[in-house]
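Trainee: I have a new model open and no idea where to begin. Can you walk me through it?

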Amino acid sequence: MMWLKQLFSRRRLYNDLSEEIQQHLEEKIEELVAAGMSRKEASAAARREFGNLALIEQDSRSAWRWPSIENFLMDVRFGARMLRKNPGFAAVAVVTLALGIAANTTIFSMVSGWMLRPPRIKDHTGVVMILSTDPAKGGGWDQNPVSVPDFVVWREQSHSFEDMVASQLSDFALTGEGEPERFDGMRVSASYFDVLGVSPALGRTFLPGEDQPGRDQVVILSDGLWQRRFGSNPNVVGAAVRLNGDSYKVVGVMPKGYRLGYYGPQLWTPLVFPPQSLLPAAREDRSLDVMARLKSGVSVETAKAEMAALAQRSEQTYPGTSKGWGATAWPIQKYLADEFKVAMRLLMGTVIFVLLIACANIASLQLTRAAARQREFAVRVALGASRFRLVRQLLVESLLVALAGGGLGLLLASWGVALLRGALNWSDYVTSMSGEVTLDNTVLAFTLGASVCAAILFGLAPALHGTALDLHSTLKEGGRAGSQSRARNRTHSVLVTAEITLALALLIGAGLDIQDLLQKLYNGFGIDPNQVLTANISLSSTRYKDPSKQADFFKNVIQNLDALPGVISAGATTTLVPSATEPERAVTFSIAGQPVLLRKERERTDYYAISSHYLRTQQIPLLRGRSLLPADNVQAPPVALVNQAFVQRYFPNEEPLGKRVRLDTSASDRADWSEIVGVVGDVKDLAREQKDMSQVYEPSLQRPSTGMTLVVRTRSDPAAFAPLLRRAVWDVDEDQPITRVQTMNQVIADYRTGGVTVCTMMATFAGLALGLAVVGVFGVMAYTVAQRTHEMGIRMALGAKRSDVLRMVLRKGIFLGAIGVGIGFALGASLMWLQQASEGIVMPFDQRAPVYLAAVFLISLTVLLATYIPARRATKVDPIVALRYE
Amino acid sequence: MKKTGQRDLFPGALEMMILRTLKRQPLHGYALVQHIKRTSNDLLQIEEGSLYPALQRLLKEELVKAEWSISSTNRRVRTYKLTAKGAKHLEQEVSRFEKMLEGITRVLAPGES
């Protein structure tokens, strides 16, 4: 870095030099004086001998200059001047790029916040996630939790780790002062926070042994809960709170901003393993999130190998429950980032397309501008500038545009990030994670990098084209470099085609997403979601141990609701939405008269325990037989309803009414069978159109449950009904928490990972891409027409009709459009196919065809329009004017 | 400002003479130019000042290094010293120059042509 030092220490070097020269002169003068000259004469003679003082000093100084940097700065100054001279070009280029950069920066802020930022724990590289793997499951998703017996054995037998801890999300009801509340908490091993190396803001973490039965009534609060429920009172440590009906002592409060990954539990209690969870059969219940801290010097690879060996031992010892199951270790950050990999890839891909289109537009503008500056370049070359110097000048100008665009883009992105954070609200988790989306340093570096890359992308080709000069013809008055402009036109054509290609691919992608969402939102689900309010109720299993008390609770609440004015119908169900995306929520069952199978070999179905008016409330139609009645209670013989899909699948040619089924809703097989008394319409899956989901309904009076969702159909705005619903519940039990009070439409809209938000983003980006592409096509066509004014004048003077000219221009636009549409279609379709294949579902083409057609139609129409307007202008050319134009 | 009859030195010649002189002993600028003038018997007409741009270039290339000190005449002077890199460079330049000189001498040699 010698040159850098020199650059900054120049002042000192110059001072040295001046002093040195001064000393030289004085020495000379003294010598001459000593030889007998007068001082005045000596001084003049010394200067004469020395030469031109100013020139010599300047020459000496210039030895220290850093020519390439100073030339660069000169290029920058000149470039800035050129841009100021052409503010129209500068503004369009900067704004275009800013849009592309803003989209990229906004999306990248999510990538940075969720995937790149290390978890806020001590030395996160030493922490690994222990996962069960089942290669047979396939689908690329092979990260399963660990069973309790496996955890206990692995923790004891492994040597790679200092410690291994387990955690499990769990529901907690907080009662006592204020409104009862239910939220997610986490049960954790006693040394959980020690392994993470996180200390509490107040109090302490759990002590060894507090995860033993009887000593586990202690709780650590999250900062959020502490603020919200306890008014940030520092004396809360040591106080008692009621959780799930039991008294817990608060021992600590975690610091603000502590979170680990996707989960944002509101409190932590010790994780206790009840005796039955340690039985060998419990190996099948894989539900623990397990983390471990590596011993120092042990690599992740070693840990992986050890876990695989331990899993193999489990598999050999317990082939019944562990056959095919392995285990592995993932670095914690990689594991946490994996959650967002697919979504981020999709979104980043989209915005990069937008940026590419923006670059193509600017490149095309630059190309036009370089053509207009040919004479300037020719003069510079004639005066001795090298081509390299010219290319560098143009690249520096591009860089200036890019940095201005990047800066403006950053400004837009800060607004985009605020918008995005507001939109990340479809679940508590997502809302708490939205805070991680910020314009941090990584994002700033990304933006700078993207801007510089963009500058090279949109600057290099025009710079090379613009400076490939035929000096002679360019400098000649009125000279036109024919072959030059042909090469330039070719580049223009390639850029336009690329823009159309990218825009179409994006349109197809966004179109398919929107189709998906619309299908989900409006194609009907077999229910009528309008005017319906829902609320989750989860009864405390200690206070409502007796099933009849559970049934009574819901019966009373529904009665209260029914009595309210404005209620059309009220009901309750254990399952609100079909479970296709979560197969573990389906229930195994048997049909009477068919061979009895082992549980895990039995068929699965969606299962609903419902109150008698639930079907009417959701407007699920009864197709045959009878519906459930209030009389279908514990005293009456058990009954069930099945849906049409169930009948088609299991009784294709038989009468389903009167058949008997047995659902496995508890650990052991039921003694009684339920008789099918009716067939109802299918309720469709909210996430994917899966036609053959079988569904079975049983009366909740016969099959009571602690957890149900209340469903109320109202005459007016269902959301406004929420306070009345709460009152109706608290009239029955004032300590009962109520969660997720939402209209049915909200439930549907928010069901799958914020489909609306993602769709809105995709549509915005696709719209942006389309807009940019149209501007690009329009610009190139207009330029082509302007360039050919002379030629058209001649043609028309020689007798060509206006329609001929129109056709000539249109032909070019249509030709480029057709190529772009062709490639774009292939690109879009194959990208979509790849995306769907990676998710494991490929939609039949005929369902997608309308979207493809619509996208192709939309882009063709806009390209045609963007071509037609300049073409029309071409026909207005007055031959006389055109010929005089030169 | 050239006097008539004066010839420019070829590029690098002044640098080479400076390096050669400094190889014998470290000198400050004034002494250096006096030495060169004296040794060349004033055949080479060098502007005293022209030494300084050359010295700055040599400094930048790290062929010489400079230090402020007090001279025997009790004057604050900047003394230049040859570096190892400079010594090597001088060797190469001298051998290049000798080859060039030999070539020129042969062409200029009388009797032929």
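Mentor: Start with chain B, which has 4 helices and 3 strands. Helices (H or I, at least four residues) and strands (E, at least two) are DSSP runs, numbered from the N terminus. This is a predicted model, where local features need pLDDT of at least 70, side-chain atom pairs count only at pLDDT 80 or more, and totals for chains, interfaces and linings use all residues. Residues are numbered from 1 along each chain as its sequence is written, while chains are lettered from A and ligands numbered from 1 in the order in which they are written.

Trainee: In what order do the elements of chain B run?

Mentor: From the N terminus on, the order is α-β-α-α-β-β-α.

Trainee: What percentage of chain B counts as buried?

Mentor: Of its 113 residues, 27% are buried. A residue is buried if 20 or more other C-beta atoms lie within 10 Å of its own, exposed if 12 or fewer, and partly exposed in between, with C-beta atoms placed from the backbone.

Trainee: Now the contact with chain A. How many residues does each chain give?

Mentor: Chain B gives 16 residues and chain A gives 18. Two residues are in contact if their C-beta atoms, placed from the backbone, lie within 7 Å.

Trainee: Which elements of chain B supply at least two residues each?

Mentor: Those are α2 (29–39), α3 (51–60) and β3 (76–82). The largest share on that side, 5 residues, comes from α3(B). By class, the side of chain B that touches chain A has 5 nonpolar, 4 polar and 7 charged residues. Ala, Val, Leu, Ile, Met, Phe, Trp, Tyr, Cys and Pro count as nonpolar, Asp, Glu, Lys and Arg as charged, and the others, Gly among them, as polar.

Trainee: Switching to cores. Which residues have the most contacts inside the largest one?

Mentor: A:Ile357, A:Ala503 and A:Ala769, in a nonpolar core of 94 residues. Such a core is a set of buried Ala, Val, Leu, Ile, Met, Phe, Trp, Tyr and Cys residues joined through C-beta atoms within 7 Å.

Trainee: Which helix gives the largest share of this core?

Mentor: Helix α13 (residues 341–372) of chain A, with 15 residues.

Trainee: And what is A:Ala769 in contact with?

Mentor: Leaving aside neighbours within four places in sequence, its contacts include A:Phe353, A:Ile357 and A:Leu506. A second, separate core of 55 residues includes A:Phe161 and A:Val250.
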